[in-house]
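Q: I'm new to reading protein structures. Please take one part and walk me through it slowly, then show me how its surroundings fit together.

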Amino acid sequence: MVEDIIADVEDRMKKSVAALQKDFAAIRTGRANTAMFDGLRVSVYGTEMPLNQVATISCPEPRLVVIQPWDKGNLGEVEKAILKSDLSLNPSNDGNLIRIQIPDLTEERRKEYVKHAKHKAEECRVAVRNVRRDGNDMIKELEKDKEMSEDDAKNAISRIQKVTDKYIDEIQKLTDNKEKEILNI
C-alpha cells in the first residue's frame with residue numbers, strides 16, 4: 001500500500017518535470033528550434049489545427065526555420081498564424097514555403113525569457129509540492145485508520161520527502177541550464 005502511494009507520487013512528479021521540459025523547449029534561445037512552434041495553431045479547412053499537422057518544420061541552419069505546408073493553399077494561413085503569434089518572428093513567403101530568420105535576442109528580451117522560464121519552474125515546484133502533500137495526506141489517512149503504525153507513517157513521509165527533494169533539485173538544474181542557454185553563457 002505504501003509502495004503504491006510512493007510510486008504514484010514519484011510518477012506524478014516525473015510527469016510535472018516532463019511538462020516543464022516541454023515548456024522550456026518552446027522558449028526561444030536565439031537559435032532555430034522546431035519546438036518554438038509547438039503551441040502554434042493554424043486556421044485551415046474550417047478548423048484550428050496544430051502547425052505540425054499541416055506542414056513540415058525544419059531547421060537547416062542554426063538561425064533559419066523552414067516551414068513547408070503539405071497543401072500550398074494553406075501557405076497564407078500559416079504565415080498569418082506566425083505573424084499573430086507572440087514569437088516576434090517575421091516570416092518570408094516565397095510561394096512554396098516559408099523561411100524564418102531567427103534574429104539575435106536583445107538583452108531585454110533575453111531577460112524576459114529568463115523570467116518566463118523561472119515562472120514556469122516555480123509552477124512546476126508548486127505542482128511537485130502539491131503531489132507531496134497529497135501523498136502525505138494519504139499516508140496520514142492510513143495511520144489514522146490504524147492501517148499502519150506511527151513509525152511506518154513517519155518513514156513513508158520521509159521517503160516521500162526524499163523523492164520530492166530529488167525532483168525539486170532536477171527542476172533547479174533544468175532551470176539553471178535553460179537560463180545559461182538563453183543568456184548564452
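A: Let's begin with a hairpin, remembering that this is a predicted model. Just two residues make the turn that joins strand 3 to strand 4. Strand 3 covers residues 55-61 and strand 4 covers residues 64-69. The two strands run antiparallel, and five bridges join them. To see one of these pairings, find A55 and look across to P69 in strand 4, its bridge partner. While you are looking at strands, here is a general idea to keep: in a regular strand, side chains alternate between the two faces of the sheet.

There is another loop between strands to visit. Y45 sits in the loop between strand 1 (41-44) and strand 2 (47-50). The phi of Y45 is near 55°, which is positive even though the residue is not glycine. Y45 counts as exposed because its relative accessible area is 57%, over the 50% cut-off.

Now let's turn to the helices, starting with helix 1 (2-25). Its 24 residues should span 34 Å at 1.5 Å a residue, and the end C-alpha atoms are 35 Å apart, so the two values agree. Several residues of helix 1 are buried: V2, I5, I6, V9, M13, S16, V17, L20 and F24. A general rule helps you read that list: an α-helix has 3.6 residues a turn, so residues three or four places apart point the same way. The buried residues of helix 1 pack against helix 3 and helix 4.

This brings us to the largest nonpolar core, which has 29 residues. Helix 1, helix 3 and helix 4 each supply at least two residues of this core. M13, F24, I139 and I171 have the most contacts inside it. Click on M13 and, leaving aside neighbours within four places in sequence, you will find it in contact with V128, V131, R132, V163, T164 and Y167.

Next, look at helix 3, where C124 lies. Its relative accessibility is 6%, which is under 20%, so C124 counts as buried. Beyond the neighbours within four places in sequence, C124 is in contact with S16, V17, L20 and I171. L20 makes a nice example of folding: it is 104 residues away from C124 along the chain, yet their C-alpha atoms are separated by 6.5 Å. R125 is found in helix 3 too, and R125 is buried because its relative accessible area is 11%, under the 20% cut-off. Not counting residues up to four places away in sequence, R125 touches I168, I171, Q172 and T175.

Helix 3 leads into a loop before helix 4 (150-183), and K146 is found in that loop. K146 has a positive phi of about 65° although it is not a glycine. With a relative accessible area of 74%, K146 is exposed.

Finally, compare a pair that lies far apart. L83, found in helix 2 (residues 75-84), is 81 residues from V2 along the chain, and their C-alpha atoms are separated by 52 Å. Apart from neighbours within four places in sequence, the contacts of L83 are L89, N90 and P91.

Methods. Residues are numbered from 1 along each chain as its sequence is written. This is a predicted model: local features need pLDDT of at least 70, side-chain atom pairs count only at pLDDT 80 or more; totals for chains, interfaces and linings use all residues. Side-chain values use heavy atoms; hydrogens and water are left out. Two strands pair if DSSP finds at least two bridges between them. Helices (H or I, at least four residues) and strands (E, at least two) are DSSP runs, numbered from the N terminus. Buried means under 20% relative accessible area, exposed over 50%, partly exposed in between (1.4 Å probe, protein chains only). Contact means heavy atoms within 4.5 Å. A nonpolar core is a set of buried Ala, Val, Leu, Ile, Met, Phe, Trp, Tyr and Cys residues joined through side-chain atoms within 4.5 Å. The expected span of a helix is 1.5 Å times one less than its number of residues.
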